[in-house]
Amino acid sequence: MKRILSYFALALTLTVLTGKPIQGQTNHTPKVVLFSLDGIGVDQFNEKTMPRLWKIMNELGGWGSSIPSTPAMTFPSHVSIATGVHPERHGIVSNSYYDSSTNQTVKSSAFVEYLNEEPLWVASTRKGIRTAVYHWPCATGAWKGVSPEVYKIYDKKVSDQENLERCSEGLSQGIQFIMAYLSGTDSEGHVYGALSPEVLIKLKVTDDLLSDWIQSSRTRYPNLKIIITSDHGMVSPTRKISLYPLLSEFDIKAFAFGGSAFIYANSEQVPSILQKLNTLPGLRAWKRSDIPADFYLRNSFRTGDIFIMADLPNWLSDSKNELEAIGEIIGRKGAHAYISSAAISPGRNPRKEDVQTSALMASFFVFVGKRVGHLGTFKSVDIAPTIAEWLSIEWETPRDGKPIKRLR
């Protein structure tokens, strides 16, 4: 007891002398939870598909739409949400890629060793905020020697219900900031289609799970701030374009993601490959240095020598044989990784097709904490700076995003 009282006296003295709490003293820090629901686009979220969350949102918060990074896919989008910077800076340019600077093929980029920029869970821990991360891509270990108090690496055997229970347990134990990934409708969308009956059923299940959790948690912690968003939307393409047969005369590595792809090739072959790709309807291709600046991809050696973007209803395949093709088709009733930035980027005059596709890639965004109404459209890189401002976090380097004005 004497030791506890001595510590309290020392902390009080330091606070008086410095005018601010010592590192780790966070009694006045608000509790914040950030959820990501994989694959739920803004067009999938409404008062019919998720009625309970819709009601809570209107009574206790606000809503808007978040534009993910291009290409709109799981790992780059989640890391942009977590870091507040674009893929060419944080380094997770796609779910898989070939890094020409290290001659390394990365089959899954969801590991901390591939992360180049400080994520929220590290910035908050460095601030002294008790932090927990559950299943978030790249939250798999220490980053520059810093790891959150609690982190659970993705395990497909752990259900959304169990992950929500972990969040409740963390809050009850004094955790102040939580980031949690939930399965959303990504798997159902890929296998059955973007707005299939299976997707609608999963939306209803998720609505009940999440609404129960919010009501219970807000009763216990009335000042709890909650953000619920997703990494990308989902569409249902109908026309497959196979890259290896299409480019069979060239020596290439192809990484296809649905609506887009990276091609890695010898520099001498790049002009000929581009010429062939850009003569095909429904495809556009750029060499890395010519990728539009607002795609935020061209300044990374992990980005392909060529970046291909498909227009709907096309989707891109990198299968090399019939067996791979069968497995791929099963998961391509729905797809994403299409353009997602052109509709809101200043200084450009985007094509009508790009604006329409970008809207379908947009993620839904819900805030629960106080009634703020419609929040408009913003970029996914604005989410981390918003939370950082709530938690009085200072970044080691400037972020690409800015705090969302209505939530300041």
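**Two faces of a helix, an enclosed strand and a buried glutamate**

On one side of helix H10, Pro271 and Gln275 are exposed. The model described here is a predicted one. Turning to the other residues of H10, which spans 270–277, Val270, Ile273, Leu274 and Leu277 are buried. These four lie on the same side of H10, because the arc they cover around the axis is only 100 degrees. The cover over the buried residues of H10 includes one helix, H9 (243–246). Strands contribute as well, among them E10 (252–256), E11 (260–265), E12 (283–287) and E13 (306–310).

Strand E8 offers another view of the interior. This strand runs through residues 225–229, and four of its five residues are buried, so E8 is largely enclosed by the rest of the structure. Strand E1 (residues 32–37) pairs with E8 in the parallel sense, over five bridges, and Ser36 has Thr229 in E8 as its bridge partner. Strand E15 (residues 363–368) also pairs with E8, here in the antiparallel sense and over four bridges. In this pairing, Ile227 is found opposite Phe367 of E15.

A loop residue, Glu117, completes the picture. Glu117 sits between strand E4 (104–106) and helix H5 (120–127), and it counts as buried because its relative accessibility is 13%, with the cut-off for buried set at under 20%. Its side chain makes polar contacts with two other side chains: that of Thr397 at 3.2 Å and that of Arg399 at 2.9 Å. Leaving aside residues up to four places away in sequence, Glu117 touches Thr83, Val85, Arg89, His90 and Trp143, as well as Thr397 and Arg399.

How values were computed: Residues are numbered from 1 along each chain as its sequence is written. This is a predicted model: local features need pLDDT of at least 70, side-chain atom pairs count only at pLDDT 80 or more; totals for chains, interfaces and linings use all residues. Side-chain values use heavy atoms; hydrogens and water are left out. Buried means under 20% relative accessible area, exposed over 50%, partly exposed in between (1.4 Å probe, protein chains only). The arc is that of the directions from the helix axis to the C-beta atoms. Contact means heavy atoms within 4.5 Å. A polar contact is a pair of N or O atoms within 3.5 Å; within protein, one must be able to donate a hydrogen and the other to accept it, and residues adjacent in sequence count only if both atoms are side-chain atoms. Two strands pair if DSSP finds at least two bridges between them.
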